[in-house]
Amino acid sequence: MNTGFHAVEPVTEVPDSNIERCYDAVESRSFMTIQSPLPRTSDSIEDCIKCLDSIEELEQGGELYLFALDIFLKQEYREIFLNLKKSSTRIAWLERLQSVGPQLPSQSDA
């Protein structure tokens, strides 16, 4: 009786080069996964304060320092602050924000 299906014989041997390529692909993906940096989930106030305290040119307890603490209540400001690479750029950004008056979060935003 002919069912319309072709009989498929099992493959008993796989060429060595195919196996090696599979191993290489798995190893490569594993390496990429391990080496990839984890995405930053949040920019905490604690991280911002540590960074702020590391800026030697900034007086702890001074006006700009206290201003920075206030703006760290807003997630977007924390993110910008921590992503700026140079201390001088962070200070310039804080001073600019202080001069234009940032929109600070209200009680309902926090």
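Helices α2 and α3 are a good place to start in this predicted model: the two are roughly antiparallel to each other, because their axes cross at roughly 165° and angles over 145 degrees fall in that class. Those axes come within 10 Å, and the crossing of α2 and α3 is right-handed. If you would like to find the meeting point on screen, look for Ile 49, Leu 52 and Asp 53 on the α2 side, and for Tyr 65, Ala 68 and Leu 69 on the α3 side. Sorted by class, the residues of this contact comprise 5 nonpolar and 1 charged, with no polar residue.

Let us step back to the whole chain for a moment. The protein chain holds 5 helices and 0 strands, so its elements read α-α-α-α-α from the N terminus on. The chain has 110 residues, of which 23% count as buried. It exposes about 9,100 Å², and carbon and sulfur atoms supply 54% of that area. Among contacts between residues at least 6 apart in sequence, 63% join residues at least 24 apart.

Now follow α2 to another partner. Helix α2 spans residues 45–53 and helix α4 spans residues 75–83; their axes come within 10 Å and cross at roughly 40°. That angle makes α2 oblique to α4, because it lies neither under 35 degrees nor in the 65 to 115 range. The contact draws on Ile 45, Asp 47, Cys 48, Cys 51 and Leu 52 from α2, and on Arg 78, Phe 81 and Leu 82 from α4. By class, these residues divide into 6 nonpolar and 2 charged, with no polar residue. In handedness, α2 passes α4 in a left-handed crossing. Leu 52 of α2 is worth a second look, for it is listed in the contact with α4 and also in the contact with α3.

Just ahead of α2 there is a loop to visit. Asp 43 is found there, between α1 (16–35) and α2. Is this residue buried or exposed? Asp 43 counts as buried, because its relative accessibility is 5% and the cut-off for that class is under 20%. Which residues does Asp 43 contact, once its neighbours within four places in sequence are left aside? They are Gln 75, Arg 78, Glu 79 and Leu 82. Two of these names, Arg 78 and Leu 82, also appear on the α4 side of the contact with α2.

The last stop is where α3 meets α5. The axes of these two helices come within 10 Å and cross at roughly 80°, which means that α3 is roughly perpendicular to α5. From α3, the contact takes Glu 63, Leu 64, Phe 67, Ala 68 and Ile 71; from α5, it takes Ile 91, Trp 93, Leu 94, Glu 95, Leu 97 and Gln 98. These residues divide into 8 nonpolar, 1 polar and 2 charged.

Gln 98 lets you see this contact from one side chain's point of view. It is placed in helix α5, residues 87–100, and is partly exposed, with a relative accessible area of 34%. Not counting residues up to four places away in sequence, Gln 98 touches Glu 63, Leu 64 and Phe 67. With Phe 67 you can check the geometry yourself: Gln 98 and Phe 67 are 31 residues apart in sequence and 7.2 Å apart in space, C-alpha to C-alpha.

Key: Residues are numbered from 1 along each chain as its sequence is written. This is a predicted model: local features need pLDDT of at least 70, side-chain atom pairs count only at pLDDT 80 or more; totals for chains, interfaces and linings use all residues. Side-chain values use heavy atoms; hydrogens and water are left out. Helices (H or I, at least four residues) and strands (E, at least two) are DSSP runs, numbered from the N terminus. Buried means under 20% relative accessible area, exposed over 50%, partly exposed in between (1.4 Å probe, protein chains only). Contact means heavy atoms within 4.5 Å. Accessible areas come from the Shrake-Rupley method with a 1.4 Å probe; for residues, only the protein chains shown count as cover. Axes are lines fitted to C-alpha atoms, for helices over the stretch in contact, and angles run from 0 to 180 degrees between N-to-C directions. A crossing is left-handed if the near helix is turned anticlockwise from the far one by less than a right angle, and right-handed if clockwise. Ala, Val, Leu, Ile, Met, Phe, Trp, Tyr, Cys and Pro count as nonpolar, Asp, Glu, Lys and Arg as charged, and the others, Gly among them, as polar.
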